[in-house]
Amino acid sequence: RMMLFGITVNVTYFQSLGVSMWGVLVLKSVHSIGTMVLEIPSGVASDSLGRKPVLLISQVASAIYWAALGSTNQVPMLAAAQMFLAVGDSFFSGTDKAVLYESMTELGLGAEALKGESFATFASQISES
């Protein structure tokens, strides 16, 4: 979930491709800024298009990211890949929780879903420290 092992692997991978540390920081910034900019529009899409289509968009964008990541060593292409990752992350973020909450509420377990999700978020944030 939130554990940041992937960032370490990305930095090492990008450097193995010959990307300077400055380039790595730019690539990670592209991902972070893209995710931030897309958070609200992805939530609107989730509410208007439905949860399943938005989760599908998320997974397709993530698959494109992984395919692009493995097929180039050019910084502009890696930056484009980071944008696909941002789409995947932002479209998944929140929609997964909405699906969980709505499903559990239909079963009469909405409060338990909130408690479980709250604890999972707490544990993942602690693991980052």
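This is a dialogue about reading the helices, the core and the surface of one predicted model.

Visitor: What should I know about the model before I start?

Guide: This model is predicted, so local features need pLDDT of at least 70 and side-chain atom pairs count only at pLDDT 80 or more, while totals for chains, interfaces and linings use all residues. Residues are numbered from 1 along each chain as its sequence is written, and side-chain values use heavy atoms, with hydrogens and water left out.

Visitor: How many helices and strands does the chain have?

Guide: Helices (H or I, at least four residues) and strands (E, at least two) are DSSP runs, numbered from the N terminus. Here the chain has six helices and zero strands, and from the N terminus on its elements run α-α-α-α-α-α.

Visitor: Which residues make up the largest nonpolar core?

Guide: A nonpolar core is a set of buried Ala, Val, Leu, Ile, Met, Phe, Trp, Tyr and Cys residues joined through side-chain atoms within 4.5 Å. Buried means under 20% relative accessible area, exposed over 50%, and partly exposed in between, with a 1.4 Å probe and protein chains only. In this chain the largest such core has 12 residues, namely Val11, Phe14, Val19, Val24, Leu27, Tyr65, Ala68, Leu69, Leu78, Ala79, Ala81 and Leu85. At least two of these residues come from each of α1 (5-16), α2 (21-49), α3 (51-69) and α4 (75-92), and α4 gives the largest share, four residues.

Visitor: How does the length of α4 agree with what is expected of it?

Guide: The expected span of a helix is 1.5 Å times one less than its number of residues. The 18 residues of α4 should therefore span 26 Å, and its end C-alpha atoms are 25 Å apart, which agrees.

Visitor: Is glutamine 82 buried or exposed?

Guide: Glutamine 82, which is found in helix α4, counts as buried because its relative accessibility is 0%. Contact means heavy atoms within 4.5 Å, and, leaving aside neighbours within four places in sequence, glutamine 82 is in contact with Phe14, Leu27, Lys28, Val30, His31 and Tyr65.

Visitor: Which residues form a nonpolar patch on the surface?

Guide: Patches are made of residues with over 30% relative accessible area and no salt bridge (a side-chain nitrogen of Lys or Arg within 4 Å of a carboxyl oxygen of Asp or Glu); like charges are joined within 9 Å, and nonpolar side chains (Val, Leu, Ile, Met, Phe, Trp, Tyr) within 5 Å. Accessible areas come from the Shrake-Rupley method with a 1.4 Å probe, and for residues only the protein chains shown count as cover. Met21, Trp22, Leu25 and Val26 form this patch, with about 440 Å² of accessible area together.
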